[in-house]
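Reader: I would love a close look at one part of this chain, with the cut-offs spelled out as you go. Could you walk me through a single piece of it and how that piece sits in the whole?

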Amino acid sequence: MPFQKLKPAVEKILSNEELSVDHRLEQICDLLKENIPYYDWVGFYFKNADKEELKLRAFAGEPTDHTIIPFGKGICGQVAVSNENFVVPDVKTQNNYIACSINVKAEIVVPLFLNGENIGQIDIDSNTEDPFNIEDERFLEWVNEKVAGVLKSPSA
């Protein structure tokens, strides 16, 4: 499903105030994983209170042992420090990569900002080599902007 066709579905999920924020985040993860063939794992990590670490809040895909990631460690931890998108076409080329599955070949992480502060990120793992492009980045930035709109505060 093309990104433009997914946008109304993302907006519909996020506008459903009858569901908790966490449930809506889980539905976003499910939607992306189910509709984008090369999105094999989709998750949202958020800053863990005042700690210099990220905590997994919602995901779709195989369970991971990496529910807490220190800032600076792995691709997610690096994005928590750099505040910039990180696209990894081949995870084998990264010496600071945290392997979640032997099947993962590529990863994209896009930071999520609330009131100008990097409070979290969306993380996508792919079992396909080099699948991500600028359209993925722009779409995931858009998703994060919409998610930020439903977060009342970093602890929402």
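**The β5–β6 hairpin**

Author: Happily! β5 and β6 make a hairpin that has two residues between the strands, and in the turn N115 shows a positive phi of about 55°. Here helices (H or I, at least four residues) and strands (E, at least two) are DSSP runs, numbered from the N terminus.

A word on the source: this is a predicted model, in which local features need pLDDT of at least 70 and side-chain atom pairs count only at pLDDT 80 or more, while totals for chains, interfaces and linings use all residues. Residues are numbered from 1 along each chain as its sequence is written, and side-chain values use heavy atoms, with hydrogens and water left out.

Back to the hairpin. Strand β6 covers residues 117-126, and β5 pairs with it in the antiparallel sense over nine bridges; two strands count as paired if DSSP finds at least two bridges between them. One bridge to look up sets V110 against I122 in β6.

β5 also has a partner in strand β4 (residues 86-88): three bridges join the two, which run antiparallel. There V87 stands opposite I108 of β5.

How enclosed is β5 (residues 106-114)? Eight of its nine residues are buried, so the strand is largely enclosed by the rest of the structure. Buried means under 20% relative accessible area, exposed over 50%, and partly exposed in between, with a 1.4 Å probe and protein chains only. For the chain, buried residues make up 46% of the 156 residues.

Now for the setting. The chain has four helices and six strands, and from the N terminus on they run α-α-β-β-β-α-β-β-β-α. Its radius of gyration is 14 Å, which agrees with the value near 15 Å that a compact globule of 156 residues would have; the radius is taken over C-alpha atoms, and the globule rule is 2.2 Å times the number of residues to the power 0.38. Along the principal axes, the C-alpha trace spans about 40 × 40 × 25 Å.

Among contacts between residues at least 6 apart in sequence, 51% join residues at least 24 apart, where contact means heavy atoms within 4.5 Å.

Outside the hairpin, helix α3 (residues 74-82) holds G77, which counts as buried because its relative accessibility is 0%. Leaving aside neighbours within four places in sequence, G77 is in contact with L54, I69, P70, F71 and G72.
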